[in-house]
Amino acid sequence: MGAPAVSDEYTPPRLSRLLHSLPHINVTLHRVNDTFAPNSPVYLESLGILGSIPGAWLILTLTVLLIYLLTRCCDRKQRPPRSITALKITLMILSVLCCGAIGVGLFGNDDLHNAMLQSIQAGNQLAALVNTVKNQSSILEEAMGSRARAPLARLADALDAPVANQTALGTLLRALSALRNNASAAASAADNLRQPLAKLNLDAFMKKAWVWEAARWAGGMAGWCCGGAVCVALLAAAARRSRRALLLLCVSVGALGALVVCWLAGAVLAAGAVAAADACQEPAAALAHHAPHGLPVDMVHYYLSCKVSRENVLTAELRNAQRAVVAVRQALAVLSRGAPQLFNDPGLQPALGALGAGTGEAERALVALSGALECRMARAYFVAAARAACDAGLQALSLQLLAAVVAGFLFTAIVLVDSHAWIYINTKRSGGGEEQAPFLSSGGSSAASRTLPRPAPFPNGKPPSYGAAVQLMDLERPRYTHTFTYTYTGEDLPSRMSGSATLGRGAGGGGAGAALGGAHTLGRAPHNGKYATLSKQCKTLESSDFY
């Protein structure tokens, strides 16, 4: 595992320094310490005051809207009809701008998600480094502890046999004692390396961080998409010819809800952006003092900042383990040379071989621990995570804050203009025309432009018959009813019928029609606006009989 090829130098980004320079004040308007301290009530109070600025603006906006709607809804003064084309165009422009602000918010939410994923990835590499220390420490402890007990016992039994050369035996016994003591020291040092990190589970923390980030990203996308749906609904209302007042009312209610959400989100984002900027000034100190790691602060600060002010606890234990393993190797070399010459025990060589294998495994574990406990590697991973969160992440968070504020202003304007247009259309419903006109039609009265349907052109290019002429006359003068009367004597009708025809007002033709044998009316019937026609026999009359 090699160190990443990135610089371990960290400098706070310019945006972080800008947000950090914002005044941190308490309720008495006195400046307080701006160092990141989430456990300090005074610091949290200053963040709350900064976040309350969008909240105060929201309260002011809702108050103004309430006063405006009350004054408009209670105003019953008759005013001359005016065109609302300007209101329609204004609504469309505001909706397009609102869609742009929502798009910026969506981009910022996705960009923040990518930055956090990069930071989590660097955190996973740091977690792998911690797991390496834990695993190699366990291997060292097992090689010098539990696995070395049985070979040491067999070796001690072999050396208990009587020999003539007591000087060589004394040398072997001292080597055996040194081997036993140093193996125990190496196992103790390995345990001291592992114990401080036993409660640190970065893998579980990174998994939780990924779940939290996924939930935050999904919630942010859902919120921005709901705001965009309100803007799209306003654009869809432009294409409707009917029920426009209902659509405007629904859009106004939705825009009011989006307005509240935008300003509340702006309050949360403002406090979060300032807190993140404060933490990004010295991220190593912030994590060392306030992260729930359960480790000594000096140890965390040593590995994250890599400033060697004093010897680290883990490096001291690593040196102890290295010295102990070197001594074990030296003692084992003495035993491997002298014991086979003095003793012919068949269990001697297997015991020496097992101790040699365990010592070799301990030496390899120490090499891995030397690389994992080097502060430069941990510092490189930490700097990569801090840059992703404090540079790209803070920019994306500020972008969302800007989008929320702009969308809040745009939704405020949409509610004002939309409510004004809805109230105007709702009060003009009784006059007709405006509600049924297209959304972008001219402001003139639609009733003036409404005309009756024209009859179809002559099918054969010939003049119409008498019945068709009467129908046309009736369409032009709908207040009159045209009647045609004839006298029937009971005799068979000749091929050419004689009689009289009168055209007059329907109001005066009632008596004459009652005295005659039959009457046929050409005019508007009382059912569905359709016209009656002459009988088949009356249609045979020629125009020469009447003119």
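Biologist: Why isn't Cys226 bonded to the closest cysteine sulfur?
Modeller: In this predicted model, the closest cysteine sulfur to that of Cys226 belongs to Cys225 and is 7.2 Å away, which is too far for a bond.

Biologist: And is Cys226 buried or exposed?
Modeller: Exposed, because Cys226 has a relative accessible area of 53% and the cut-off for exposed is over 50%.

Biologist: OK, how many disulfides are there in the whole structure?
Modeller: A search turns up 3. One of them joins Cys98 and Cys231, with sulfur atoms 2.2 Å apart. Cys98 sits in helix α3 and Cys231 in helix α6, 133 residues apart. Both Cys98 and Cys231 are buried.

Biologist: What about Cys99, how far is its sulfur from the one in Cys231?
Modeller: That gap is 4.5 Å, so it's too far for a bond.

Biologist: Which way does the link of Cys280 and Cys390 turn, left-handed or right-handed?
Modeller: Left-handed, with -85° about the S-S bond. Cys280 is in the loop between α7 and α8, while Cys390 is in helix α12.

Biologist: And the disulfide of Cys306 and Cys375?
Modeller: Right-handed, because the torsion there is about 45°. Cys306 lies in the loop between α9 and α10 and Cys375 in helix α12, so the pair ties together parts 69 residues apart in sequence.

Biologist: Switching topic: how many residues are in the largest nonpolar core?
Modeller: It has 63, and Leu140, Met144 and Leu335 are among those with the most contacts inside it. Helix α5 gives the largest share, 11 residues.

Biologist: What does Leu335 touch?
Modeller: Its contacts include Leu155, Leu172, Leu179 and Leu352.

Notes. Residues numbered from 1 in each chain as written. Predicted model: local features only at pLDDT ≥ 70, side-chain atom pairs only at ≥ 80, totals over all residues. Heavy atoms only, no water. Core = buried A, V, L, I, M, F, W, Y, C linked by side-chain atoms within 4.5 Å. Buried < 20%, exposed > 50% of the residue type's maximum accessible area, 1.4 Å probe, protein only. Helix = DSSP H or I, 4+ residues; strand = E, 2+ residues; numbered from the N terminus. Contact = heavy atoms within 4.5 Å. Disulfide = S-S within 2.5 Å. Lists of a residue's contacts leave out its neighbours within four places in sequence.
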